[in-house]
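Biologist: Hi! I have the structure open on my screen, so please walk me through it.

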Amino acid sequence: MEGRIISISGSVVIVNGLNDAKMNDMLLVGDRGLVSEIIKMDGENAIAQVYEDTTGLKLGEKVIDTGAPLSVELGPGLIGSIFDGVQRPLDVIMKKEGQFIGSGVRVDPLDRKRKWHFKPKASSDQEVEEGDEIGEIKESSLIKHKVIVPVGVKGKIKKIVEEGDYSIEEVLAVLDGGGKKTELKMLTKWPVRSARPVAEKLPPVIPLLTGQRVIDTFFPIAIGGSAAVPGPFGAGKTVISHQLAKWSDADIVVYCGTGERGNEMTEILSTFPDLKDPKSGKPLMDRTVLIANTSNMPVAAREASIYTAITIAEYYRDMGYNVALMADSTSRWAEALREISGRLEEMPGEEGYPAYLARRLGEFYERAGRAKLLGGKTGSVSVIGAVSPPGGDISEPVSQNTLRVTRVFWALDASLANSRHFPSINWLNSYSLYTDELDDWYYKNVGKDWPDLRKRAMALLQKESDINEIAQLVGYDALPENDKLVLDIAKIIREDYLQQNAFDEIDTYSSIEKQHSMLDVIMKLYDVEKQLVDGGIVVSTLENADIKQMIARLRYTKEEDIKSALASIRTEMNKIAKAQRG
Ligand SMILES: Nc1ncnc2c1ncn2[C@@H]1O[C@H](COP(=O)(O)OP(=O)(O)OP(=O)(O)O)[C@@H](O)[C@H]1O
Ligand SMILES: [Mg+2]
């Protein structure tokens, strides 16, 4: 079906003559065939959003309706790739075209020529249906790519290839579904705006461990959970997203970066390929897919990018993996939405964002989850979305609507960032609605004392804030000794536990066991000193300088040396308790 451009306004074009066009159809606009999507039907005319630079586009140029919704290509080769918002392989294009990517450059998202070693896992005459695995490919040093029967397909395997090397377009198997023949290949497609189906959603009862103490201990995200990270300029959103990409115990990370500033994306493009996966020592890219919107790309491509990202995440979930998606920052996505809506002259809602902003955010985060898959396995997509509210004020629509649909809130705080307290997650404002559901897991896997330990530590931090308010009125000296002790210990929790330097080789990651022992020893110190203070000793005379220093060093102590460090601290604590009591 071919139509003609009758109007161009920035990245929005109006097309006439596409008779069977449907909402969300993907169009190839103009002589260069720019990737576009129908975002509105207006009588005979289709209004389309162009995801590439429209400079030079002219009225009257032809438009082709692909007849299919905007889709991504799925298959081996995604891992390790760097795509833009409409899945153009940036690394391949940059090699071909240099830094600046012209519009209308056609490069297949996935390499058609590359051969993959396929090992069949099903045999002739076997009945299979959607979600069943028919074979496996070693996609990277870390990822086994499962070739599964696509959604909506079932039947008896008539023919399946032998183990060997095949390209993504070669037929691997032929199914006979009651007379209807289906050819299965590695390459499949999926419309980005639709969630891939699962059999059943499962409750979020396992934490996605991140190695970041403030997160795992106080504000954990569940596997399959969703978290919002709103933060003002420079508060640490990107560092947190990178930390999670590197350290979270997801099998696969899809990182969707939408930098306002060009250098932010350049940094990802230059640093990620050099990073090592800390657990395996293999390249981090061997379990990562990058979606990058550089600042010289049209704004509209950002709008598509989070859907491209989450569709790829769901695809790997469907193989039975735990996938984590980081989107930094979703505000840039929302701004694209606002711009597109403005061009459509829709009735603006709050702060110029379209009225459907809330619904769109809801639909996006709704795609997170741990699930029983169609093939019977379990997989998950966890979503962490950074938000950059202008001026850091989270009363704005993107933050508010995100918080409504996510269950974890890591509140980044400008004043903490200014005082170099990193991660600048405010422990008084942040929350995780998963903590209660996860307690059981922590109880069984970390320690029976964990839930209690966490609650007591948080109680001290909250008490610190109350006491500080009183101290402002009456002065520190007038505080009861018990309160002074709370201030003392809370300071240790803040400085030696909550703070974590992403750039220190050891401090950058704490296993949950290390977190447990660190928190335990801090709370032990509190218990020991509380006894002394209750017995009449004043806080200023507690002989704890050495212990405090030893605790402060724990952050920088290697996992394997933690046990012996703890033993020395305990010995020291006992000595002092005895001496001071006696
Ligand atoms: N965990 C951390 N450890 C050490 N330094 C940190 C940490 N988090 C943030 N920083 C410091 O704060 C700086 C700003 O962080 P980052 O770039 O992540 O902020 P941002 O919120 O993404 O900013 P923007 O709004 O500009 O995108 C970093 O360059 C780094 O110096
Ligand atoms: Mg940033």
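Modeller: Happy to. When I name a helix or strand, I mean a DSSP run (H or I with at least four residues for a helix, E with at least two for a strand), numbered from the N terminus. This is a predicted model, where local features need pLDDT of at least 70 and side-chain atom pairs count only at pLDDT 80 or more, while totals for chains, interfaces and linings use all residues. Residues are numbered from 1 along each chain as its sequence is written, with chains lettered from A and ligands numbered from 1 in the order in which they are written.

Biologist: Thanks. Let me start with a lysine: where is Lys463?

Modeller: Lys463 sits in helix α11, residues 450-474. Its C-alpha is 7.4 Å from that of Val486, and the two residues are 23 apart in sequence.

Biologist: Is Lys463 buried or exposed?

Modeller: In between. A residue is buried if 20 or more other C-beta atoms (placed from the backbone) lie within 10 Å of its own, exposed if 12 or fewer, and partly exposed in between. Lys463 has 16 other C-beta atoms within 10 Å, so it is partly exposed.

Biologist: And what about Gly475?

Modeller: Gly475 lies in the loop between α11 and α12 (481-498). It is exposed, because 9 other C-beta atoms lie within 10 Å. Its C-alpha is 60 Å from that of Gln87, a residue 388 places away along the chain.

Biologist: Changing topic: which domains does the chain have?

Modeller: The assignment gives domain 1 (2-69), domain 2 (82-108 + 197-433), domain 3 (116-186) and domain 4 (446-581). Those bounds come from an automatic or database domain assignment.

Biologist: How many Å separate the centres of domain 2 and domain 3?

Modeller: 31 Å, taken over C-alpha atoms. Their contact takes 13 residues from domain 2 and 12 residues from domain 3. Two residues are in contact here if their C-beta atoms, placed from the backbone, lie within 7 Å. The domain 2 side of it divides into five nonpolar, three polar and five charged residues.

Biologist: Good. Now the ligand: which residues are closest to ligand 1?

Modeller: Gly236, Lys237, Thr238, Val239 and Phe422 are the closest of the 15 residues that surround ligand 1. A residue joins that shell if its C-beta atom, placed from the backbone, lies within 6 Å of the molecule. By class, the shell has seven nonpolar, seven polar and one charged residues. Ala, Val, Leu, Ile, Met, Phe, Trp, Tyr, Cys and Pro count as nonpolar, Asp, Glu, Lys and Arg as charged, and the others, Gly among them, as polar.

Biologist: Where does ligand 1 lie relative to the domains?

Modeller: Between domain 2 and domain 4, because both give residues to the shell around it.

Biologist: Phe422 caught my eye. What kind of peptide bond joins Phe422 and Pro423?

Modeller: A cis one, with omega about -10 degrees. Pro423 lies in the loop between α9 (414-418) and β26 (431-432). Arg420 is found in the loop between α9 and β26 too, and it has a positive phi of about 60 degrees although it is not a glycine. Arg420 is exposed, since 9 other C-beta atoms lie within 10 Å.

Biologist: Any background on why you flag those?

Modeller: Most residues other than glycine have a negative phi, and most peptide bonds are trans. Another cis peptide bond joins Asp328 and Ser329, with omega about 0 degrees. Ser329 lies in the loop between β22 (322-328) and α6.

Biologist: Then tell me about α6. How many of its residues are buried?

Modeller: 12 of its 14, so α6 is largely enclosed by the rest of the structure. Among them are Trp333, Leu337 and Ile340. Its 14 residues (330-343) should span 20 Å at 1.5 Å a residue, and its end C-alpha atoms are 20 Å apart, which agrees. The expected span is 1.5 Å times one less than the number of residues.

Biologist: Last one: which residues touch the most other members of the largest nonpolar core?

Modeller: Val254, Leu325 and Ile522, out of 156 residues. Such a core is a set of buried Ala, Val, Leu, Ile, Met, Phe, Trp, Tyr and Cys residues joined through C-beta atoms within 7 Å. Helix α5 (residues 299-317) gives the most to this core, with 12 residues. Leaving aside neighbours within four places in sequence, Ile522 is in contact with Ile489, Ile492, Ile493, Tyr497 and Ile551.
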